[in-house]
Structures are given as structure tokens and as C-alpha cells.
Amino acid sequence: MSDIKSYEQIKELLTQHGQQHLLAFYDELDEKQQQKLLSQLSELDFVQIDEWAEKYVKNDSPMEVPSEFEPAPSYPAEPEDDKQAATYKQAVEKGVKLLENGKVAGFTVAGGQGTRLGFSGPKGNYPISPVKQKTLFQLFAETVAAASAKFGAAIPWYIMTSPLNHAETVETFEQSSYFGLNPDNVFIFQQGTNINFSLDGKILLAEKDKLATSPDGHGGSLKALHVSGAIADMKKRGVEYISYWQVDNPLVRLFDPLFIGLHAKNNAGMSSKALIKAYPTEKVGNFCLVDGKVTVIEYSDLPEDDAHRQNPDGSLVFELGSIAIHIVSVDFVEKLNAHGFALPIHRAVKKIPHINEKGEKVKPEEPNGVKLETFVFDALPLADESIILETVREEEFAPVKNAEGTDSPAVTKQMMTERAAKWLEAAGIQIPRNSEGKPDCVIEMAPSFAIFPEDVEAKKAAVPDIKPGDEIYLD
Ligand code: UD1
């Protein structure tokens, strides 16, 4: 927190930097409101704001696509030969040991807004499980509990919110008694924000005494982990690795010994899971190597020719899509924050409610301003080492993003049933299937029943006969 500057100091600064409109309604404010506004303005770094306004607001400086890049190497979802099978076995053992020794924490980024889903409030409160309608937060909490029990160690869980949903998220956890978790092991903290601009580079007011701001993107999580004291808390607990996932994906394998073990064995700073893209231009980031460093090139930036380029066997040359599942080392986050941590800025043109020059509140129908964000995957090239582990879509990726169609709750629920059916069948249990081969039933497998496919074996005696049309809840 910097000291609050006086009205005169602020006025001079704003005038120098062409932002004097921010004081247009100052005289209408009461003393408390005036202090509130001066305090926000005192925090701003105007040299940086000028740079941002020039580079990202008034002009669109697109991300520079590197002149040379190649596909990034990856570990396949299943080992391809005996040597690799031995490596995977050792990695799993290492991952299990790290989990048993309390070296791994969970981390959910949940600061975004469910705009596309049309759901108000924290997205983690969205009811998603196919039978009991458990929310995303409840499913993650139950998985944290099940993993803690399985590995015999408390697993702390860190949740990043933003001013858009912090109070409601905390209230959710308090009202639900932390879904049975020990509140000492749940750490909810807010990410940073960035100010919003009009398209001509002016800072927008949300109220006459309040600047318009928005969350600084999931890249902000790597800073917020440090600023909030979460990293200090992890170090006190002896945590060395952070399992990072997005709030929208209930299929994610929260604590994957193989992934954790491969990351640790390679002394990686930040690692990623990847999917083989469903088609060349699927809207996911592409894992590439740039100057020998793992780098994500956004789908919108990957040249069309490269997106379609094929290997002799018909597979895509750039086939690895980013699904926002990472392991991050605690010491990597510390290193990033030690020397003025910064990630590249991405620009998003949005509809931003604001106070216009007449002092009226405006809710624009068309995009009228710019929000600036950073993306977590831009930290990958800053790591000395970074590995990629491929995973299988049906096993681990069913994000809830849109109200209907692709990535909608209906698809996610169907995928939850399908994965449960697959795990049960692998243990020899019969599942009724329809003419298309889809399960002819709805199955919800609670985390207390299984968090890995191999957990089903010990529980299978408790599974009832499943008949067509049944709704089954297994816990
Ligand atoms: C993101 C990724 C995309 C990936 C996809 C996987 C980007 C630009 N794209 O897309 O490559 O394939 O997820 O599902 O990231 N969040 C915050 N604070 C913020 C912004 C977002 O915590 O300031 C959180 C959200 O709560 C959510 C996650 O980050 O958990 C993803 O945000 P969202 O904006 O929905 O990303 P997508 O565009 O869906």
C-alpha cells in the first residue's frame, strides 16, 4: 500500500498523463468518498499505464508469433515401451510418496465470471453432478478429502477468487461447513485487478468514487499466491508442489501421482497436461518449443498452415492442446516473484459499464473498452524445465463453459456418467448401453467411492445391478 497522495498531487499527475477526467465529479463526493477515490488513484503507476494505453489499448499489439517454433515433446498417456513403462512406474511411486509426505497442495483458479454459462455467482457453485446435483466446489472438496484419506496426509487446498466473487465464495464454504474439510486446510484468497480503459486510452470510472477494474487474468494467480501469503503458508506446511486446475472442469484428476512424479523427477518448475486436439483449429492453446522452451501459442495466433500440418502417419504436427492443468513448483513461484514478476499482457475488448462524462451510468450494448489480463501458461517458458503429459479427453476434460452445446453442463454430465461406466466396466461390472453404445443409465460416482479407476476394484461388491434407465449414485 502506498501512502495516499493529496488532491493537488493527484490532479497534477492526472493532468500530466491525460487522465484528469477521473476527478470530474470530485466536488460532488463526500469526504469519505473523496478519500476512497484518492486512495485508489494513489496506487496507480502512471508510467506503466501510459505504456499500456499506448501499446494495448489505443493500439492492438498482437502477440508476436515467434519466427521459429516446433512441436513440444510430451509423455504419452500410456507408456509406449518397456523402458517408458519403467519410468512411469518410478514416477508413480515418487508421486505417491510426495502425496503421502504432504508435499502437494491443491490450487483452484476461480476468479473468473460465468458470463458465457449465464450463471451469476461463483462458478464453483454451479450444480453439476448428474444425480445429486453437487456443485463443482463440493466435488473438488470431496476429492480433496478422498485423496487426503487415500494418501494418509492432509492436503491443503488453495482457492483463488476475485472481487467479483470472493465474498460469495467464502460464504459458500462457511455455510456448508467447508464441505466437511478442516477449514485450517482451506485457504481462500483474492487475485489482483487491473484498471479498465475506454478504447481511446482513458481510465474508466465504475462509480464517481471508484475506478472500473477487473481481475488480472489467471496469470495473476502466480503473483497472488505470493502476495496473499499462500506460498508462505505452503512453506510452513512443507508443501513443494502445487496441483493447479480450473474451477470449470469436474473431471480433472486433482492429484495424479504420475503427473506429479514426472514433474518432480525432471526437476521441472511448471508442467502441463495436454490433449490431442480433436481437429486442427480446436480453440485451445498449442504446446510448442520456442528456443528450446515449452511455450503455448494461442489457437488464434498459430498460422493456419501450421495448424493443419500433418506427420506422414496423418497425425497433426501441432497436436497438443493446452487444457489448463498444471503442476507448479513452490520454488518456481518464489523465483518468479523475487524480481518484479511480469507476464505478457493480453488485451480483451469488452462491454464495460461505466460513468460517462455527464456523470450518468452507462451499460453499453457494444464493446466500449479494454480489459488487460495475463495468462498462466505464459509462465511456462520461464521455467528451466517443463514437461508435458498427454491425457485422454474422456478421462479428464469436460469443462462447463457454455449454457448449451459444446462444453455445456449437459455434455459434462454425460461425460461424468460415461467415465463412471468405463471405470465400472473395467472392474467387470455390466453397464446397459443403448444402440449408439452410450450408457443407458445415469451414474454418479462420488469421490468417496473412487478417485482413480483402480479404486473401483475394492468397492465393486457394493455396486447394485444396473438396469436400463437406472439412476445410480455410488459412494
Ligand atoms: C482457458 C484457456 C484455454 C484452455 C481452456 C481449458 C485461456 C486464454 N485459455 O480458456 O487455452 O484450453 O481454458 O478449459 O486461458 N480465471 C481466474 N481469474 C481470471 C480469469 C480467469 O481465476 O482473471 C479462471 C476462471 O475462473 C477459470 C479459468 O481461469 O477457472 C479459465 O478462465 P476462462 O476465461 O473461462 O478461460 P477459457 O477462455 O475458457
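1. Let's start with how the pieces get their names: helices (H or I, at least four residues) and strands (E, at least two) are DSSP runs, numbered from the N terminus. With that in hand, look at tyrosine 178, which sits in the loop between helix 6 (166-175) and strand 4 (186-190). Tyrosine 178 is not a glycine, yet its phi is positive, at about 55°. Its relative accessible area is 14%, so tyrosine 178 is buried; buried means under 20% relative accessible area, exposed means over 50%, and partly exposed is in between (1.4 Å probe, protein chains only).

2. A quick word on what you're looking at. This is a predicted model, where local features need pLDDT of at least 70 and side-chain atom pairs count only at pLDDT 80 or more, while totals for chains, interfaces and linings use all residues. Residues are numbered from 1 along each chain as its sequence is written, and side-chain values use heavy atoms, with hydrogens and water left out.

3. Back to phi for a moment. Alanine 324 is a residue other than glycine with a positive phi, near 60°. You'll find alanine 324 in strand 14 (residues 320-329), and with a relative accessible area of 12% it is buried.

4. Now for the holes. On a 1 Å grid over the protein atoms alone, a cavity is a set of points where a 1.4 Å probe fits but cannot get out; a pocket is an open set with protein on both sides within 12 Å along at least five of seven lines; and lining residues have an atom within 4 Å of a point. Grid points are joined across faces, edges and corners, and a volume is the space filled by probe spheres set on the points. How many cavities of 30 Å³ or more turn up in a search of the whole structure? There are two.

5. The largest cavity has a volume of about 330 Å³. Its lining has 23 residues, and Pro250, Arg419, Met445, Pro447 and Ala450 are the ones nearest its centre. Helix 5 (136-151), helix 13 (409-426) and strand 20 (442-445) each provide at least two lining residues. Where does the largest cavity lie? It lies between domain 2 (60-401) and domain 3 (408-475), because both give residues to its lining. These domain bounds come from an automatic or database domain assignment.

6. What kinds of residues line the largest cavity? The split is 19 nonpolar, one polar and three charged. Here Ala, Val, Leu, Ile, Met, Phe, Trp, Tyr, Cys and Pro count as nonpolar, Asp, Glu, Lys and Arg as charged, and the others, Gly among them, as polar.

7. The second largest cavity has a volume of about 30 Å³. Its lining is made of Ser243, Arg253, Leu254, Asp256, Phe259, Ile325 and Ile327, which divide into four nonpolar, one polar and two charged.

8. Don't skip the second largest pocket, which holds about 1,000 Å³ of space. Of its 30 lining residues, Gly192, Thr193, Asn194, Asp216 and Lys223 lie nearest its centre. Domain 1 (1-44) and domain 2 (60-401) both contribute to this lining, so the pocket lies between them. Its lining residues comprise twelve nonpolar, 13 polar and five charged. Among the elements that each supply at least two of them are helix 2 (31-42) and helix 7 (221-227).

9. On to the aromatic rings. Rings of Phe, Tyr and Trp (its six-membered ring) pair if their centres lie within 6.5 Å, and planes under 30 degrees apart count as stacked, over 60 as edge-to-face and the rest as tilted. That rule gives 16 aromatic pairs. In one of them, phenylalanine 119 meets tyrosine 126 edge-to-face, 5.0 Å centre to centre with 80° between the planes. Phenylalanine 119 is partly exposed at 23% relative accessible area, whereas tyrosine 126 counts as buried at 17%. Phenylalanine 375 and phenylalanine 377 make a tilted pair, 5.5 Å centre to centre and 55° between the planes, and both residues are buried. There is also a cluster, in which ring pairs link Phe107, Tyr158, Phe187, Phe189 and Tyr244.

10. Finally, have a look at leucine 380, in the loop between strand 18 (369-373) and strand 19 (388-390). Is leucine 380 buried or exposed? Its relative accessibility is 0%, so it counts as buried. Leucine 380 and valine 328 are 52 residues apart in sequence, and their C-alpha atoms are 9.6 Å apart in space.
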